[in-house]
Amino acid sequence: MTANQDIERRLVAFFETEPSARAPGWVLESALSTIETTSQRRDLLAPWRFPTMNGLPRLAAVTMAAVIVGAVGFLLATGGGSPSPTAPGASPTKRPVPTPSFFTASTFGRPFTYVLPADVQIDYGPRNATSFEFRVPDSGGPGVSAWFVVAQAIGGGRENPCSLTSTALPLASAQAALEYLKTVPTVAVKSESAAVIDGRDASSAVLTLSPGTVDCPNLAFWMTDAEGVPDPFRDPGVYARVALLDVDGETIAIHTWATSQASDWVRWADELIGSFHFQR
Amino acid sequence: MERGVQADLVRRAKRGDREAFAVLAAGSVDRLYATARHILRDAELAEEATQDALVRAWRDLPSLRDPDRLDAWLYRLLVRACVDLRRRVRRWRTELTVLPGEGSEPDRTSELADRDQIERGLRRLSDAQRTTLVLAFYLGFSHGELAEALDIPVGTAKSRLHYAIQALRAAIEADDRAPSVGGREGRTA
C-alpha cells in the first residue's frame with residue numbers, strides 16, 4: 001500500500017466513524033421561512049434550448065424564427081401593418097402596481113414587522129432571538145454580500161470589548177450604550193444625531209472601526225455578539241452606522257454595514273429601518 | 001427518497017411549489033449540514049452555510065436542468081455558500097490545541113490517536129483542500145461529481161484531489177515530527 005493509499009484508507013475510516021451531525025431544527029425552519037419571501041430567479045435560457053431537436057427540425061425552427069423576425073422588421077421599416085394607437089414604446093398592458101408587503105421578524109426576541117424596499121433584492125443572514133440580519137446578495141460582486149442591516153438585542157456591553165469571554169457590562173439605556181461605544185478601543189464614534197424609529201427616540205452615529213491589533217484582536221462590543229467583528233468590516237472605507245433605541249426596556253442596536261460602495265444602500269437601508277414596527 | 005418521487009418534487013418546486021421544496025429540503029438538510037461541518041470545522045458557520053445553500057437552491061431551482069442531478073447541484077451550492085461565508089468572515093478562529101505533556105498521555109487506543117491525527121491534519125489544510133477531501137471521502141464523490149460540485153473540469157478535479165491528499169499527508173507527517181512535550185499551537189489564516 002502506498003503512503004497516499006494509506007491516507008485515503010484512514011480518511012474513509014475517519015469519516016465513517018465520525019458521529020453523524022444532525023442540523024438543529026431551526027436551520028430548516030429558518031430557511032423555509034426565508035423562501036416564503038424569496039422569489040425564484042427566472043430561467044432565461046430555457047426558451048432557447050433545443051433539448052430534443054436535432055438536424056433538420058432544428059434547422060427548420062431556426063429558419064422559421066429568422067423569417068418571422070425579418071417579416072416583423074420589414075413591416076416596422078415600411079410602416080406596414082395596423083396603425084398603432086399608442087406612442088412608440090408605450091405598452092398597451094397595465095403594469096402591475098407594486099404593493100408593499102409586510103413581513104414579521106418572528107424569530108427575533110422583540111418581534112417586529114418590516115417592509116422590504118421595492119428597488120433592491122434583500123435576503124437574510126442569521127436570524128435568531130438576539131439578531132436579525134438583512135443583506136443584499138451579490139452587492140460585493142458575484143456571490144458576495146457587502147450590504148447589511150442587522151437588528152441586535154445588545155444585552156449590555158462588555159467589560160473588555162476586545163475579548164469574547166469578557167464579563168457583561170450593564171447598560172441602562174440607548175444613550176448609555178452610545179456613551180459606552182465611545183470608550184471602546186478601536187472604535188471612533190462620529191456624526192451623532194437624533195433619530196426616530198417606530199415612533200421612538202433613537203440615537204444614531206457613524207462608526208469608524210480600526211483593524212484588529214495585538215491588544216484588541218477581537219472586537220465584540222455587545223454582550224450578544226457571538227464572534228468579533230470580522231476584519232473586512234474593520235477595513236478603512238467600510239461604512240458602519242448604528243442606531244440605538246429602547247424598546248420596552250430593552251436596548252436594540254440597528255447596524256447598517258457596507259463593505260463596498262454604499263450610496264444606494266444607505267437610502268434603501270433607511271427605507272427598510274423606517275418601516276420597522278416593534279410588536280407590543 | 002425514491003428517485004422518481006424526488007424528480008417529481010423537483011419539477012413541482014421549479015414551478016414555485018414551496019411545499020414540494022420543503023419536502024426536498026427536509027430530506028437534504030442533515031446531510032448538507034454534516035458536510036458543511038466537515039468543510040468549515042465549525043457548527044455555527046455550518047448552520048449558516050446550510051441555510052444559505054437551501055435559500056439559494058430555492059432561488060435558483062429553475063436553472064436546474066436535470067431533476068436527477070439535484071443532490072450534486074445542492075452540494076455545489078453548499079460549497080459556494082461555505083466559500084462565501086469564509087470570504088465574509090475571512091479568518092479562522094484561533095484554535096488552541098493542547099499537545100499532550102510528558103507523563104500525561106491519556107489512555108487512548110491507537111484508533112483514537114489516529115482520528116486525532118487526521119483531525120489535526122484536516123484543520124491544517126486550506127478550505128479548498130479540505131472541501132475536496134470531504135466531497136471525495138465523506139460523500140464518496142467520483143471525479144466527475146467532484147468536478148461538478150466544484151465547478152471545475154474533471155482533470156482539474158483529479159489533480160486537486162491528488163494535491164489535497166499530498167497536503168494532508170504532509171500535514172500529518174509534520175504533526176508526527178512535532179515535539180511531544182506540552183505546549184500550545186495556535187493558527188490564524
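Which residues line the largest cavity? The exercises below concern a predicted model.

**Exercise 1. Characterise the largest cavity and the elements around it.**

Step 1. A search of the whole structure finds 1 cavity of 30 Å³ or more. The volume of the largest cavity is about 40 Å³.

Step 2. Its lining consists of B:Phe21, B:Leu24, B:Ala25, B:Leu54, B:Ala57, B:Leu70, B:Trp73 and B:Leu74.

Step 3. Assign the lining to secondary structure. In chain B, helix H2 (18-40), helix H3 (43-60) and helix H4 (70-89) each contribute at least two of the lining residues.

Step 4. Classify the lining by chemical character. The division is 8 nonpolar, no polar and no charged residues.

**Exercise 2. Locate the disulfide, determine its handedness and state what it joins.**

Step 1. Over all chains, the count is 1 disulfide. The partners are A:Cys162 and A:Cys216, with their sulfur atoms 2.1 Å apart; this satisfies the cut-off of within 2.5 Å.

Step 2. Consider the torsion. About the S-S bond of A:Cys162 and A:Cys216 it is about -90°, so the disulfide is left-handed.

Step 3. Place the two cysteines. A:Cys162 belongs to the loop between strand S6 (157-158) and strand S7 (168-169) of chain A, and A:Cys216 to the loop between strand S9 (200-209) and strand S10 (239-247) of chain A; the pair therefore ties together parts that are 54 residues apart in sequence.

Step 4. Consider accessibility. A:Cys162 and A:Cys216 are both buried.

**Exercise 3. Test the length of helix H1 of chain A and describe how its buried residues are arranged.**

Step 1. Helix H1 (residues 3-17) of chain A has 15 residues, which at 1.5 Å a residue should span 21 Å. The C-alpha atoms at its ends are 21 Å apart, in agreement with that expectation.

Step 2. The buried residues of H1(A) are A:Asn4, A:Ile7, A:Arg10, A:Leu11, A:Phe14 and A:Phe15.

Step 3. Viewed down the axis of H1(A), these buried residues fall within an arc of 130°, so they line one face of the helix.

**Exercise 4. Examine two residues of chain A that have positive phi without being glycine.**

Step 1. A:Thr186 has a phi of about 70°. This residue is found in the loop between helix H4 (174-181) and strand S8 (187-197) of chain A. Its relative accessibility is 16%, so A:Thr186 counts as buried, the cut-off being under 20%.

Step 2. For A:Asp198, phi is positive and near 55°. A:Asp198 lies in the loop between S8 and S9 of chain A. With a relative accessibility of 17%, A:Asp198 also counts as buried.

**Exercise 5. Assess burial in helices H4 and H6 of chain B.**

Step 1. B:Ala81 lies in helix H4 of chain B and is buried, with a relative accessible area of 0%.

Step 2. Find a residue distant in sequence from B:Ala81 and give the separation in space. B:Ala53 is 28 residues away along the chain, and the C-alpha atoms of the two are separated by 5.8 Å.

Step 3. Turn to helix H6 (residues 127-138) of chain B. Of its 12 residues, 9 are buried, so the helix is largely enclosed by the rest of the structure.

Step 4. Identify those residues. The buried ones in H6(B) are B:Arg130, B:Thr131, B:Thr132, B:Leu133, B:Val134, B:Leu135, B:Ala136, B:Phe137 and B:Tyr138.

Step 5. Inspect what comes after the helix. B:Gly140 follows H6(B) and has a positive phi, near 70°.

Definitions and conventions
Residues are numbered from 1 along each chain as its sequence is written. Chains are lettered from A and ligands numbered from 1 in the order in which they are written. This is a predicted model: local features need pLDDT of at least 70, side-chain atom pairs count only at pLDDT 80 or more; totals for chains, interfaces and linings use all residues. Side-chain values use heavy atoms; hydrogens and water are left out. On a 1 Å grid over the protein atoms alone, a cavity is a set of points where a 1.4 Å probe fits but cannot get out, and a pocket is an open set with protein on both sides within 12 Å along at least five of seven lines; lining residues have an atom within 4 Å of a point. Grid points are joined across faces, edges and corners, and a volume is the space filled by probe spheres set on the points. Helices (H or I, at least four residues) and strands (E, at least two) are DSSP runs, numbered from the N terminus. Ala, Val, Leu, Ile, Met, Phe, Trp, Tyr, Cys and Pro count as nonpolar, Asp, Glu, Lys and Arg as charged, and the others, Gly among them, as polar. Buried means under 20% relative accessible area, exposed over 50%, partly exposed in between (1.4 Å probe, protein chains only). The expected span of a helix is 1.5 Å times one less than its number of residues. The arc is that of the directions from the helix axis to the C-beta atoms.
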